[in-house]
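This briefing gathers computed features of one structure by topic, with rings first, then sheets and helices, and then one strand and its surroundings. Please read it with the sequence and coordinates at hand.

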Amino acid sequence: MNRDDPLVLGIETSCDETGIGIVRGRTLLSNTIASSMDEHARYGGVVPEVAARAHLEALQPAITAAVAEAGIALEDLDAVAVTSGPGLAGALMVGIGAGKALAVSLDTPLYAVNHLVGHIAADILTGDEVEYPTVALLVSGGHTSLLLVRDLVSDVELLGETMDDAAGEAFDKIARILGLPYPGGPEIDRAAATGDPHAIRFPRGLSRASDMAEHRYDFSFSGLKTAVARWVEQAEAAGEPVPVADVAASFREAVVDVLVTKALDACARYGVPRLLLGGGVIANRRLREVALERAAAAGVAVRIPPLSLCTDNGAMIAALAAELIMSGRTPSTLAFGADSTLPVTEIQVAVAE
């Protein structure tokens with residue numbers, strides 16, 4: 001196996017995107033994504049069984065397309081990488097089955113890796129050197145996590161995570177309350193564009209002084225969701241029109257405020273002047289805007305990968321595996337399965353002795 005510049009195919013099926021990515025070392029060759037979002041839209045959220053079936057249908061065409069785009073043959077691969085967790089168990093099983101089958105059929109090393117750490121690895125594919133330590137804020141439909149990354153392949157510490165809804169889930173639920181379509185993130189963003197973010201002061205979860213001891217870097221959006229729902233209900237009960245733009249903007253501001261405040265607090269507390277943003281919710285215009293503005297004032301450099309590498313994708317999984325290979329890590333055995341709650345500290349699973 002080429003350990004200096006390995007050619008790796010990555011498979012990502014943790015939620016509703018079937019991602020196949022191919023990298024050579026730290027160079028991106030292909031990033032193919034097949035989304036089943038439209039199939040979930042009729043239900044107003046991701047349905048695990050629908051996602052798993054969609055992965056089954058999309059995997060082979062996605063692999064074929066990725067290989068063609070990269071201009072390689074499967075036999076050229078130095079390794080196959082696959083997401084072991086966290087994520088939806090049924091969806092993960094589909095990707096894991098495909099990854100094992102591909103690795104065995106090609107007699108190629110297999111690397112089972114962590115989805116969340118993959119989001120950090122995506123930044124490597126931008127071509128710039130990543131400095132450590134760095135604080136990473138990962139915000140998506142299923143995850144809201146704050147991490148301290150001292151070394152990508154060996155030392156990732158969970159500082160805090162969501163205790164209920166992830167930020168992306170909160171956006172979807174508030175969009176439904178406001179009568180906006182799924183997925184809620186882009187719809188809230190559009191509605192908020194003409195709204196006043198200071199029109200309504202919604203609560204900032206786990207941000208009081210009394211929360212700091214136990215939940216300084218944890219997130220909670222359930223109280224915010226309830227506050228928005230009650231505000232809308234009261235307006236409707238009073239026969240008043242609901243100012244959708246103002247509600248959307250005020251809700252978005254509350255989420256963004258909490259995310260950025262906690263992330264920059266972690267940078268200050270640990271003396272790390274670097275913040276990496278990842279996950280699909282990073283597509284939110286206001287979140288990027290506030291993070292850049294407040295980080296600049298705090299002397300913190302912000303890194304944001306291209307949006308195509310922020311959403312779930314196979315390229316980030318391949319990139320993480322390539323880093324593991326280049327650092328001398330041995331492959332995974334076949335003795336692993338889907339782990340929907342895989343802790344972020346487990347960067348690679350089922351490592352061969």
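Is Tyr270 buried, partly exposed or exposed? In this predicted model, Tyr270 has a relative accessible area of 32% and is therefore partly exposed, since the buried class ends at 20% and the exposed class begins over 50%. The points below place this residue among the aromatic pairs and then turn to the strands and helices.

**Aromatic pairs**

- The structure holds three aromatic pairs, and one of them joins Phe171 to Phe251 in an edge-to-face arrangement, with 5.1 Å from centre to centre and 75° between the planes.
- This pair links distant parts of the chain, given that Phe171 belongs to helix α5 (residues 167-177) and Phe251 to helix α9 (residues 244-270), 80 residues apart.
- Phe171 counts as buried at 3% relative accessibility, and Phe251 is likewise buried, with a relative accessible area of 1%.
- Tyr217 and Tyr270 form a tilted pair, because their planes stand at 45° while the ring centres are 6.5 Å apart.
- Here too distant parts of the chain are linked: Tyr217 sits in the loop between α7 (212-215) and α8 (222-237), whereas Tyr270 is in helix α9, 53 residues away.
- Tyr217 is buried, with a relative accessible area of 4%, while its partner Tyr270 is partly exposed.

**Charges over rings**

- Lys100 lies over the face of Phe336, at 4.6 Å from the ring centre.
- Lys262 lies over the face of Phe219, at 5.9 Å from the ring centre.

**The five-stranded sheet**

- Five strands, in the order β8-β7-β6-β9-β10, form an open sheet whose pairing is mixed.
- The edges are taken by β8 (155-161) and β10 (301-303), each of which has a single partner strand, so one side of each is left without a neighbour in the sheet.
- Neighbouring strands of this sheet are turned against each other by 25° on average, with direction ignored.
- At the β10 edge, strand β9 (residues 274-278) pairs with β10 in the parallel sense over three bridges, and Leu276 stands opposite Arg303 in β10.

**Helix α9 and its packing**

- Helix α9 lies across β6 (134-139), β7 (144-151), β8 and β9, and runs at about 165° to β6.
- Against helix α10 (residues 285-298), α9 packs at an angle of about 40° with the axes 10 Å apart, and the crossing is right-handed.
- The residues of α9 that make this contact include Arg252, Glu253, Val256 and Leu264, and those of α10 include Arg285, Leu287, Val290 and Ala295.

**Strand β4 and Ser84**

- Strand β4 (residues 79-85) contains Ser84, which is buried, with a relative accessible area of 1%.
- Seven of the seven residues of β4 are buried, so this strand is largely enclosed by the rest of the structure.
- Strand β4 runs parallel to β1 (residues 7-12), to which four bridges join it, and Ala79 in β4 is the bridge partner of Val8.
- Strand β4 is also joined by five bridges to β5 (residues 110-114), again in parallel, with Ala81 opposite Tyr111 in β5.
- Leaving aside neighbours within four places in sequence, Ser84 has contacts that include Leu92, Ile96, Ala112, Val113, Gly337 and Val349.
- Phe336 is also among the contacts of Ser84, and the face of the Phe336 ring has Lys100 over it.

Technical notes. Residues numbered from 1 in each chain as written. Predicted model: local features only at pLDDT ≥ 70, side-chain atom pairs only at ≥ 80, totals over all residues. Heavy atoms only, no water. Phe/Tyr/Trp six-rings, centres within 6.5 Å; stacked < 30°, edge-to-face > 60°. Helix = DSSP H or I, 4+ residues; strand = E, 2+ residues; numbered from the N terminus. Buried < 20%, exposed > 50% of the residue type's maximum accessible area, 1.4 Å probe, protein only. Lys NZ or Arg CZ within 6 Å of the ring centre and 35° of its normal. Pairing = 2+ DSSP bridges. Axes fitted to C-alpha atoms, helices over the stretch in contact; angles between N-to-C directions. Contact = heavy atoms within 4.5 Å. Left-handed = near helix turned anticlockwise from the far one by under 90°.
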